[in-house]
Amino acid sequence: MIHPSKFALALLLGLGLSVGSGALAGQKDSDKEPAKDKKEKKAKKTATGTLKVLLPAESTLFIDESPTRSVGPERKFVTPPLSTSKTYYYTLKWTYPDRGRPVTRMAVIEFHAGQETLIDLRPGSKTTLSSQIIYVPTDQDIVEKMLEMAKVTAKDVVYDLGCGDGRIVVTAAKKFGARGVGIDIDPERVRESRANVKKQKVEKLVEIRQGDALKVADLSRATVVTLYMLPEFQKQLVPILKRELKPGSRIASHDYILPGWKEEQVINAQGGYRQHTLYIYLIGDNQEKKEKEKKEKK
Ligand SMILES: C[S@@+](CC[C@H](N)C(=O)[O-])C[C@H]1O[C@@H](n2cnc3c(N)ncnc32)[C@H](O)[C@@H]1O
């Protein structure tokens, strides 16, 4: 698993690269094997790996929550020997100024030892999927409204994609008895969500995961999906929802539409200090027909 201190070891190897500190994964040796066998085995199955990151020159970059020190538009990191048969995942978080305002983005990247992995984080890059990170929790009364509009019952499995502090899945479990899965890319949000789940004693119903919500392997389990995400995320999510969700599934989206999709219901609701717009979408057998009708109308 991910072990920040191992990366510091790479710095001592003196590989002559422009390296900062960072958190790349290491491997634990087995205690039971004799030292010689262990060495031979390790030589065969492990290798260093290089991570090359392209990003706006002024960015600050964190790898698995550890700050990196190197600067400039191209940054290289070398790992200590890692297993060549494993896939490693790192969460990259970078902040850069955009027209005078800081923009923070995150991406989960895949990494293999024994090779160089090039990650392009520059704005407009088509090679690395990344999300702009803005954390604004949904007001509690709006959370309840979203779940009511989606007609959540104890039979449902609610997925909140970008779950923040987990309030939507926690409420779905506490108030409606539904099972829930909350996914967030930001480890800080994941810790908050897990603490919330524990505090509200819904561990049996709710699971929280860290990762990219655009890459959820078991999304087809969801009968309800809740969203409070920026348009760039929504746009990428539409084909995934249409492909993965079963007929009868509902999607409740806070403030942002799912582009190109005819909503079933739209309401304006007061929450906190402002008006919110909630959109409900349905996966029906007639979904394709509706899309066609919408196109014909235009
Ligand atoms: C506006 S907040 C909404 C939080 C929560 N759903 C709510 O309504 O209270 C958006 C959340 O999405 C997370 N996020 C953004 N992009 C993501 C991605 N690609 N995968 C998973 N989480 C993501 C952010 O870290 C942030 O916590």
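# A first walk through the fold

Strand 3 (residues 60-63) pairs with strand 4 in the antiparallel sense over 2 bridges. Two strands are called paired when DSSP finds at least two bridges between them. Helices (H or I, at least four residues) and strands (E, at least two) are DSSP runs numbered from the N terminus. What you see above is a predicted model, in which local features need pLDDT of at least 70 and side-chain atom pairs count only at pLDDT 80 or more, while totals for chains, interfaces and linings use all residues. Residues are numbered from 1 along each chain as its sequence is written.

Let us stay with the sheet for a moment. Within this pairing, Ile-63 stands opposite Ser-66 in strand 4. The two strands belong to an open sheet of 5 strands in the order 4-3-7-8-10, with antiparallel pairing. Strand 4 (66-67) and strand 10 (131-132) are at the edges with a single partner strand each, so one side of each has no neighbour in the sheet. Strands of a sheet pair through backbone hydrogen bonds, either parallel or antiparallel.

Now for the whole protein chain. It holds 7 helices and 17 strands. Of its 298 residues, 36% count as buried. Buried means that 20 or more other C-beta atoms lie within 10 Å of the residue's own, exposed means 12 or fewer, and partly exposed lies in between, with C-beta atoms placed from the backbone. Contacts are counted when the C-beta atoms of two residues, placed from the backbone, lie within 7 Å. Among contacts between residues at least 6 apart in sequence, 68% join residues at least 24 apart.

Two helices make a good next stop. The axes of helix 3 (residues 140-149) and helix 4 (residues 167-176) come within 10 Å and cross at roughly 65°. Axes here are lines fitted to C-alpha atoms, for helices over the stretch in contact, and angles run from 0 to 180 degrees between N-to-C directions. The crossing is right-handed: the near helix is turned clockwise from the far one by less than a right angle, whereas anticlockwise would make it left-handed. Helix 3 contributes Gln-140, Val-143, Glu-144 and Leu-147 to the contact, and helix 4 contributes Arg-167, Ile-168, Thr-171, Ala-172, Lys-175 and Phe-176. These residues divide into 5 nonpolar, 2 polar and 3 charged. In this scheme Ala, Val, Leu, Ile, Met, Phe, Trp, Tyr, Cys and Pro are nonpolar, Asp, Glu, Lys and Arg are charged, and the others, Gly among them, are polar.

Helix 4 is mostly covered, with 8 of its 10 residues buried. The cover over its buried residues includes helix 3, strand 11 (157-161), strand 12 (179-184), helix 5 (187-199), strand 13 (206-210) and strand 14. In helix 3, the buried residues are Ile-142, Val-143, Lys-145, Met-146 and Leu-147. They pack against helix 4, strand 14, strand 15 (250-254), strand 16 (265-271) and strand 17 (274-282).

Two buried residues show how the chain comes together. Ile-142, in helix 3, is buried because 21 other C-beta atoms lie within 10 Å. Leaving aside neighbours within four places in sequence, Ile-142 is in contact with His-254, Ala-269, Gly-271 and His-276. Ile-142 and Gln-270 are 128 residues apart in sequence and 7.8 Å apart in space, C-alpha to C-alpha. Thr-226 sits in strand 14 (residues 224-227) and is buried, with 29 other C-beta atoms within 10 Å. Not counting residues up to four places away in sequence, Thr-226 touches Met-146, Val-158, Asp-160, Ile-168 and Ala-252.

There is also a ligand to find. It is surrounded by 24 residues, the closest being Ser-131, Thr-138, Gly-162, Gly-164 and Ala-213; a residue is near a molecule if its C-beta atom, placed from the backbone, lies within 6 Å of it. Helix 4 and strand 12 are the elements that give two or more residues to this shell. By class, the shell has 14 nonpolar, 4 polar and 6 charged residues.

Finally, here are some residues with a positive phi.

| Residue | Phi | Place |
|---|---|---|
| Arg-99 | near 50° | loop between strand 7 (88-98) and strand 8 (101-111) |
| Lys-151 | about 55° | just after helix 3 |
| Gly-177 | about 75° | just after helix 4 |
| Lys-201 | about 55° | loop between helix 5 and strand 13 |

Arg-99 is exposed, with 5 other C-beta atoms within 10 Å. Lys-201 is exposed as well, with 11 other C-beta atoms within 10 Å.
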